[in-house]
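Good morning, and thank you for making time for this item. I would like to take you through one structure, from its open space to its packed interior and then to a few individual residues.

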Amino acid sequence: MDPRRTLGRQGEDLAARWLEQRGMEVVDRNWRLSSGPLRGELDLIARDGTTLVVVEVKTRRASRFGGAVAAITPEKSRRIRELGAAYVREHRPRARRIRFDVIAIDVQPDGTARLRHVPAAF
């Protein structure tokens, strides 16, 4: 497997455990929309009480490009919101609202990970 994919998968695993430890239920991972004009993937879908939470996970090894949080551009957040709406149309979850979170994971040179959870990031 590609080292970037491996790192991304490890980050998603860490993020899923983080959410579950805080009482959320991860209900879907790596959901893909591959037909039509809108294509893409949602990293994690979770439930936080009656709220459906779409979670974008960004994992980076080095912060020379601004770290993991800097990887969420306005274009990326717009695309995630559109994919979230497509997920809701397809799955019809029983949720009162939808929230878009970011979990940014910066892996330090010593191998430790710094996780930052940004609820309602956009």
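I will begin with the pocket, move on to the nonpolar cores and the aromatic pairs, and close with single positions. Please keep in mind that this is a predicted model.

Let us start with empty space. Rolling a probe the size of a water molecule over the atoms shows where empty space is left. Here, the largest pocket has a volume of about 800 Å³. Its lining is made up of 23 residues, and those nearest the centre are Arg4, Arg5, Gly8, Glu12 and Glu41. Five elements each give two or more residues to that lining: the helices α1 (3-21) and α2 (74-91), and the strands β1 (25-33), β2 (40-48) and β3 (51-60). Of these, α1 gives the most, with six residues. What is the make-up of the lining by class? It has 14 charged residues, four polar ones and five nonpolar ones.

Glu12 deserves a closer look, as it is among the residues nearest the centre of the pocket. Glu12 sits in helix α1. Is Glu12 buried or exposed? Its relative accessible area is 8%, under the 20% cut-off, so Glu12 counts as buried. Setting aside neighbours within four places in sequence, Glu12 is in contact with Arg29, Asn30, Glu41, Asp43, Leu44 and Val57. As for Leu44, its C-alpha lies 7.7 Å from that of Glu12, although the two are 32 residues apart in sequence.

One of those contacts, Asn30, has a backbone feature of its own. Most residues other than glycine have a negative phi, and most peptide bonds are trans. Asn30, which is not a glycine, has a positive phi of about 55°. Asn30 belongs to strand β1 and is partly exposed, at 23% relative accessible area. A further case is Ala120, in the segment after β5, where phi is near 50°, again a positive value in a residue other than glycine.

I turn now to the interior. In soluble globular proteins, nonpolar side chains tend to be buried together. In this model, the largest nonpolar core has 14 residues, and Leu19, Leu44, Val55, Val57 and Ile103 have the most contacts inside it. Elements giving two or more residues to this core are α1, β2, β3 and β4 (97-107). Helix α1 again gives the most, this time with four residues. Which residues does Val57 touch, not counting those up to four places away in sequence? They are Gly11, Glu12, Ala15, Asp43, Leu44, Ile103 and Ile105. Val57 therefore touches Glu12, a residue that is buried at 8% relative accessible area. There is also a second, separate core of twelve residues, which includes Leu33, Ala86, Tyr87 and Phe100.

This brings me to the aromatic residues. The structure holds two aromatic pairs. The pair of Trp31 and Tyr87 is edge-to-face, because the ring centres are 5.2 Å apart and the planes stand at 85°. Since Trp31 is in strand β1 and Tyr87 in helix α2, this pair ties together parts that are 56 residues apart in sequence. Both Trp31 and Tyr87 are buried.

The other pair, Phe100 and Phe122, is stacked, with 5.7 Å from centre to centre and 20° between the planes. Phe100 is in strand β4 and Phe122 in the segment after β5 (113-118), so this pair joins parts 22 residues apart in sequence. Its two members differ in exposure: Phe100 is buried at 9% relative accessible area, whereas Phe122, at 24%, counts as partly exposed.

Finally, two positions towards the end of the chain. Arg116, in strand β5, touches Val69, Val102, Ile103 and Ala104, not counting residues up to four places away in sequence. The C-alpha atoms of Arg116 and Lys58 are separated by 10.0 Å, with their places 58 residues apart along the chain. Thr112 is in the loop between β4 and β5 and is partly exposed, with a relative accessible area of 42%. Leaving aside neighbours within four places in sequence, Thr112 is in contact with Asp106 and Val107. From Thr112 to Gly11, 101 residues away along the chain, the C-alpha separation is 12 Å.

That concludes the presentation, and I thank you for your attention.

Methods. Residues numbered from 1 in each chain as written. Predicted model: local features only at pLDDT ≥ 70, side-chain atom pairs only at ≥ 80, totals over all residues. Heavy atoms only, no water. 1 Å grid on protein atoms, 1.4 Å probe; cavity = no way out; pocket = protein on both sides within 12 Å on 5 of 7 lines; lining within 4 Å. Points joined across faces, edges and corners; volume = space filled by probe spheres on them. Nonpolar A, V, L, I, M, F, W, Y, C, P; charged D, E, K, R; others polar. Core = buried A, V, L, I, M, F, W, Y, C linked by side-chain atoms within 4.5 Å. Buried < 20%, exposed > 50% of the residue type's maximum accessible area, 1.4 Å probe, protein only. Contact = heavy atoms within 4.5 Å. Phe/Tyr/Trp six-rings, centres within 6.5 Å; stacked < 30°, edge-to-face > 60°.
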